[in-house]
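Work through the exercises below with the sequence and the model at hand. Each task is followed by its solution.

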Amino acid sequence: MERVLVSACLLGARVRYHGGDARAQHDALDRWLAEGRVVALCPEVAGGLSTPRPPAEIVERGSRLRVLTNESRDVTGAFERGAAIAAHAVQEHGIRIAVLKDGSPSCGSSRIYDGTFSGRAVAGDGVTAARLRSLGVRIFNEMELDQAAAYLAHLEEPPTLRDNREISCSPLSP
Ligand code: SF4
């Protein structure tokens with residue numbers, strides 16, 4: 001059975017920086033929970049940060065990643081630890097799909113805040129999302145649960161069905 005990594009706050013865990021959750025209501029999440037395929041993780045808490053905690057943003061990325069709180073405390077190490085724990089979970093369970101809370105400096109996958117604490121969002125990945133993507137995990141956010149469910153169904157199709165469809169979708173040879 002395919003497992004799905006899900007941001008813990010989307011499941012109702014009160015682990016966000018302000019002490020609340022970001023519970024997402026969707027049949028797919030309920031079904032995955034009932035099937036026992038959900039691996040819940042909050043990378044920031046797993047990395048050693050407390051809840052509540054000051055908001056943090058990525059202020060530099062690439063080879064010199066830096067994540068600071070709005071009080072200029074460097075929390076890069078905790079973010080990197082959380083990403084490493086997520087990567088370990090993915091490898092341990094053979095996870096190929098994740099649903100992560102968008103906008104977060106850890107879990108964001110289409111947008112994150114720009115590092116100026118001005119509320120301006122830019123396109124980009126959070127620290128954990130980037131790490132998982134580099135491992136080949138397909139990432140969806142909480143607005144993309146329909147697409148995530150369709151992708152999971154695709155992953156679980158018997159190989160012959162999938163192969164036949166891929167063949168029938170290939171361009172015809174001359
Ligand atoms: Fe949710 Fe991810 Fe932030 Fe944890 S790090 S509160 S799981 S968005």
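**Exercise 1.** Which residue does I97 stand opposite in β8?

Solution. I97 stands opposite R138. The two strands, β5 and β8 (residues 138-141), pair in the parallel sense over four bridges; strands are DSSP runs of E with at least two residues, helices runs of H or I with at least four, both numbered from the N terminus, and pairing requires at least two DSSP bridges. The model is predicted: local features need pLDDT of at least 70, side-chain atom pairs count only at pLDDT 80 or more, and totals for chains, interfaces and linings use all residues. Residues are numbered from 1 along each chain as its sequence is written, and side-chain values use heavy atoms, leaving out hydrogens and water.

**Exercise 2.** Find the parallel partner strand of β5 that contains L5, and state whether the faces of β5 are covered.

Solution. Strand β1 (residues 4-7) pairs with β5 in the parallel sense over three bridges. L5 has A98 as its bridge partner. In a regular strand, side chains alternate between the two faces of the sheet. In β5 (residues 97-100), I97 and V99 lie on one side, A98 and L100 on the other, and all are buried (under 20% relative accessible area, 1.4 Å probe, protein chains only; exposed is over 50%, partly exposed in between).

**Exercise 3.** Is E44 buried or exposed?

Solution. E44 belongs to helix α2 (residues 43-46). Its relative accessibility is 10%, so E44 counts as buried. Beyond neighbours within four places in sequence, E44 is in contact with L49, R53, F79, S104, P105 and S106 (heavy atoms within 4.5 Å).
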